[in-house]
Amino acid sequence: MRKLNILTRKNMTANRICLENVVLLIVLQTLGGLTEALIWRAEQGISYYSNYVSISPIRFSVPADRGEAVWRFRASKSPNSCDVKTVSIFLQYGSLPVVNPLNEKFPEKFYLGRSHLVHLNVSSNNVSASHTQLFPQPGDWYALAFIPESNDQITQKGLTVSCKYKFSASLEMKELPPYDHLNINQVSDLKLTGPLGHGVWVGFKVPATALTVQLDATVTNCSLDSCYLQLANLDDETGQLMITNCSNANKRNCSLNLSSPLLGFKHFVHLQLLSGNASVEVNFTAEECSEAKEPADNSTFYCELQPSLDRFQKPGDFSTNFVRLYNDTVQQNEFLLSNTSTTVVPFSVERMTDIGGTLGVKVSFKKSDVAEDQNVRVCGQVKVNRLPLLTDDLDLCANVTNSLRVNSSSEGEDGIVSSNVYVPYPEEGMWQLALRLECYNATNSSSAIVECVNGTQNVTVAVNIDSCVDGECNGQGECREYIRSSDFIVFSSCVCTAGWRGYGCTDGREAYSGSSQLTEVLLLTISNLFFMPAIFVALHRRYYIEAMVYFYNMFFSTFYHACDGDRIDKYVYCMTKYSVLATGDFLASTCSLWVTLIAMAQIPIDFSSAIQMAGPLALIMGVLLDRHSLWVIAVPTGVGLLLVIVSWTKRCCSNKRCFPDKRRYLWMLPGVLFAVAGAVMFAFFETAKNYKYIHSAWHVCLSLCIIFLLPPRRKEKGYLFFSGDVSEL
């Protein structure tokens, strides 16, 4: 009999777990209302991730009072012969997601906590992935996509198949389910039915101006002995549905705790009986941070809510200071902290003007203001749309990333100690800075809190929105601003140099050494001196136009590579605008090929000048349209070779013998080999890591092939091709 009872209890437990899953399914089904809106977003391109500039963002606007939002993402490739890639998609409420697929080091004192951050992976084979958000917060939601792979291969455009990857998105929104609106701190009666029913949704709103640090949902008066009750609420920080089960609720209260609830937003709780029918009492109790002069009891902390900081907008994007404005005069944010209260300083981050920058908060005070026999510690936290939990058992100075800690025993600059925290791409909404003062003995090794001698401490608070990190990139890059997609999403990002990486160019694990950068600039510039022999040979053989083009090529290639490259300013020299140098370099390279082939064709002098001039006139348009295109090199090379073949064939037919002489072919063979080797290296073997070596070798091959391919000395009357006089070579 005892064994039978044990088996029975096991079966009952298994059935109960199964029943809980059924109830959870019912909870989700109650949200399956009518679709109210369906929004499709057109496809846009995706890039390989190298830095934050590589992202492809989209913004969605979610209206208030929506029960469910379903995002669907799909990635595609073109053409179909391209490889299938995994595409990373991040979705977040209120601002751009902070992503770090390369595991780069962030600057110190960065707060990276995000609300509702969702990560999805989709394949570029048109198979969609979706994310469902219950009771989505109204406002802007941001999605971004990229391919989390490195691609340092340098290929000529048009030489290989150009694979394009795109992603599209849709948003489906559904209406709120029927719910009972309850007021906080008011007891309400609800009638519940068993598991076959759908339960009851209860909704309530926390005022935006409230100092609510905690909510307790308490259910009482469940009349059945076996009254099993399930409470489900949406965790508004993780966005996940949380389940709480209570048994024998008639013997004790069934409670659900919501810490630091969202202020100014609706909250929903689902109540479901796992068996039977019952009438219950529900009470949502708010624990407030009291603004009274003295705490109401030992469990309530006294708060001093400051007026919201004013905005002082400076010229330019992401240039906002949060200050006090008195009579159109900017005042420093100074607050008098008390050891018996917590000071709360709110400020508003706007959706369009702020979220693409970096929020910086700094707290400081003078060491001279502290009593001699005491040390002072000022602690703080920042949170968005919610108040930090300020109960006595929580130390705000805990080692968390969104906290500030200023200690009078620390070393300070000019007698001022300070602490700061940065929030990249801060979420829109009302941010709260909570500050608290604590004192302890300066001579006692114990850090036990004691009464402050002065009782107060004057502190200075600096809050601002800047691009990148205080408008800079650690001296290892350039801070730039970008506008992306049709939504005109504006954000700032560091473009790092010399192998530095990260949000603020603070990750130097792959940074290039000074010797490596010096080697790069010397190789890429000095290798152009190999054009000097080609210039002298051209002058000696009376190819003056060709010599001028080779000098032009050497000059612009040298100064282009001195200006180009992933190097610090010390190893970069730009004699003029980068675009001018780049255009001159690409035009000179193609013109060098063109005039060499025209010289080899041995076209009569009456036409050669016109043909030589026609090439640069056409090439300049191609270079300006797309200097990286394969056609910029392929077209003049193909046309030049065709002229060579036609001219040589005509001479062979006219002279009744092979043209040019066989020994001339042998002399040209090294030039052809140099040209082929340079072309193969240039087209197939260049990567970001070996660029300085391969491209320098390309310079050498290009200049050396000219020496062997230029025809013999030009005579004043017509051309004399090689006929046995080796001195003409």
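**Exercise 1.** Are cysteine 473 and cysteine 494 buried or exposed?

*Solution.* Before we start: this is a predicted model, where local features need pLDDT of at least 70, side-chain atom pairs count only at pLDDT 80 or more, and totals for chains, interfaces and linings use all residues. Residues are numbered from 1 along each chain as its sequence is written, and side-chain values use heavy atoms, leaving out hydrogens and water.

Step 1: apply the cut-offs, with buried under 20% relative accessible area, exposed over 50% and partly exposed in between (1.4 Å probe, protein chains only). Both cysteine 473 and cysteine 494 turn out to be buried.

Step 2: check the bond. A disulfide (a pair of cysteine sulfur atoms within 2.5 Å) joins cysteine 473 to cysteine 494, S to S 2.0 Å. Cysteine 473 sits in the loop between β29 and β30 and cysteine 494 in strand β31 (residues 489–496), so the pair ties together parts 21 residues apart in sequence. Strands are DSSP runs of E, at least two residues, and helices are runs of H or I, at least four, numbered from the N terminus.

Step 3: find the handedness. With -95° about the S-S bond, this link of cysteine 473 and cysteine 494 is left-handed.

**Exercise 2.** Describe the link of cysteine 468 and cysteine 479.

*Solution.* Step 1: their sulfur atoms are 2.1 Å apart, forming a disulfide. Step 2: at 95° about the S-S bond, the link of cysteine 468 and cysteine 479 is right-handed. Step 3: cysteine 468 is buried at 1% relative accessibility, while cysteine 479 is partly exposed at 23%.

**Exercise 3.** Why is cysteine 653 not bonded to cysteine 652?

*Solution.* The closest cysteine sulfur to that of cysteine 653, in cysteine 652, is 6.7 Å away, too far for a bond.
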